[in-house]
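User: I would like to understand the terms applied to this structure. Please set each value against its definition.

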Amino acid sequence: MSAVLSPKDGAGDARVPSSSGFPLPILALALAAFAIGTTEFVIMGLLPAMARDLAVSLPGAGLLVTGYALGVALGAPPLAALSAGWPRKRALLVLIGLFIAGNALSAIGTGYGLVMAGRIVAALAHGSFFGIGAVLASELVAPDRKAGAIALMFTGLTLANVLGVPLGNLIGQAWGWRASFAGVALLGVIAAVALVALLPKPAASHEEAATGNDWSVLKRPQVLIALALTAVGFGGVFTAFTFIAPMLEDVTGLSAGAVTGVLFLFGLGLTLGNTLGGKLADWKLMPSLMGVLVVLALIQLVLAAVLSSPWAAIAAVFVWGVAAFATVPGLQMRMMQQAPDAPALVSTLNIAAFNLGNAGGAWLGGWMLDHGASLRALPVAGAALAVVGLGLAAVSVVLERRAR
């Protein structure tokens, strides 16, 4: 079976056989994901400086993470409906334009409100972009490589943590955090050029975009369980990760420069976990996903226990990154399995669920700190949420077996 679709299926002339690797358009999507991932995660290392400059508390600065995640979660459904009749290439270019505008506003915003507004504008593009992109990537390959294709697109997101986030933090330390956001806006421009050049031409009709937009899929229990599994199972990661800079500086005793190095290592773990998760999901989806959730819970407990020991904490952060993103391809595939008649819609909604969970996790971390919890308690809370996600996965499997 060919790894790509024929031109009538919307693949244009991007013909790369499966033996030669993934189609070139997926690499364009990965580049855009790199830009989006950089703006989502670079703020973690900039929070202390932003809090000082904007004259807000650390939990208040943490709300910039929450605001972004809520922008993704709340913006995805209406944008999914608005872009339903558009060719996918046009939709993706409009979304990347929103992303560029939002980051430019964050770079020049003179106060907390404008910076928050920029974060939300940039976030509006996130959910629909990844939702539409994941469906397009999965359609360009053979059925037994769908999770791998989605993982490749999300590799841009993980590489953002390896390259984009550390570079953004270095820029922020040298020229201020506003320069970091300006650099991200420039990344968005480069990604837009790549999308124009590499994405296949729109199909002759709008069928590729307009079909499968039936919101009645939300009446299906398995769809709702999959959304909750994504929000809870992954969202707990952000309970601790939102405050990783103060955790490593104040508890572990690392310098700001050393934290940048640890973020780089965390990004390597994300990249490895994303690739591993794609292979596991293509092999055995639910057993592997449940196993990864177990590992995710355990490593966060380990991180809390060893946070005062620099080398042990650094090692735990790396494994944490591997486990965190090993869940992503499986969670996305699980959702798309539950509504094959509406793949773009549920894929976009699942991205919204990721970020709703991220917002909830970031809020929970800030709430815990405001109410006297220690930084060390944050990974424990994240572990507890991973266990809840494991329970949801088990319920989904039981229901599926009963239906059979």
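Analyst: The following exchange takes up charge pairing, aromatic rings, the nonpolar core and the surface in turn. This is a predicted model, in which local features need pLDDT of at least 70, side-chain atom pairs count only at pLDDT 80 or more, and totals for chains, interfaces and linings use all residues. Residues are numbered from 1 along each chain as its sequence is written, and side-chain values use heavy atoms, with hydrogens and water left out.

User: What makes Glu-400 and Arg-334 a salt bridge?

Analyst: A salt bridge requires a side-chain nitrogen of Lys or Arg within 4 Å of a carboxyl oxygen of Asp or Glu. The closest N and O atoms of Glu-400 and Arg-334 are 3.2 Å apart, so the pair qualifies. Glu-400 belongs to helix H17 (residues 377–403) and Arg-334 to helix H15 (residues 328–338), 66 residues apart; helices are DSSP runs of H or I with at least four residues, numbered from the N terminus. The search of the whole structure finds one salt bridge.

User: Why is Arg-334 called buried?

Analyst: Buried means under 20% relative accessible area, exposed over 50%, and partly exposed in between (1.4 Å probe, protein chains only). Arg-334 has 3%, and is therefore buried.

User: Why is the pair of Phe-241 and Phe-266 called stacked?

Analyst: Rings of Phe, Tyr and Trp (its six-membered ring) pair if their centres lie within 6.5 Å; planes under 30 degrees apart count as stacked, over 60 as edge-to-face and the rest as tilted. The centres of Phe-241 and Phe-266 are 4.6 Å apart and their planes lie at 15 degrees, so this pair is stacked. Phe-241 lies in helix H10 and Phe-266 in helix H12 (residues 256–283), so the pair ties together parts 25 residues apart in sequence.

User: What makes the pair of Phe-238 and Phe-241 edge-to-face?

Analyst: With 6.0 Å centre to centre and 75 degrees between the planes, the pair meets both limits and is therefore edge-to-face. Phe-238 is buried at 2% relative accessible area, and Phe-241 is buried at 3%.

User: Which residues have the most contacts inside the largest nonpolar core?

Analyst: They are Leu-29, Met-50, Phe-99, Phe-234, Phe-241 and Trp-320, in a core of 108 residues. Such a core is a set of buried Ala, Val, Leu, Ile, Met, Phe, Trp, Tyr and Cys residues joined through side-chain atoms within 4.5 Å.

User: How do you know whether Val-189 is buried, partly exposed or exposed?

Analyst: Its relative accessibility is 40%, which falls between the two limits, so Val-189 counts as partly exposed. Val-189 is found in helix H7.

Terms used:
Helices (H or I, at least four residues) and strands (E, at least two) are DSSP runs, numbered from the N terminus.
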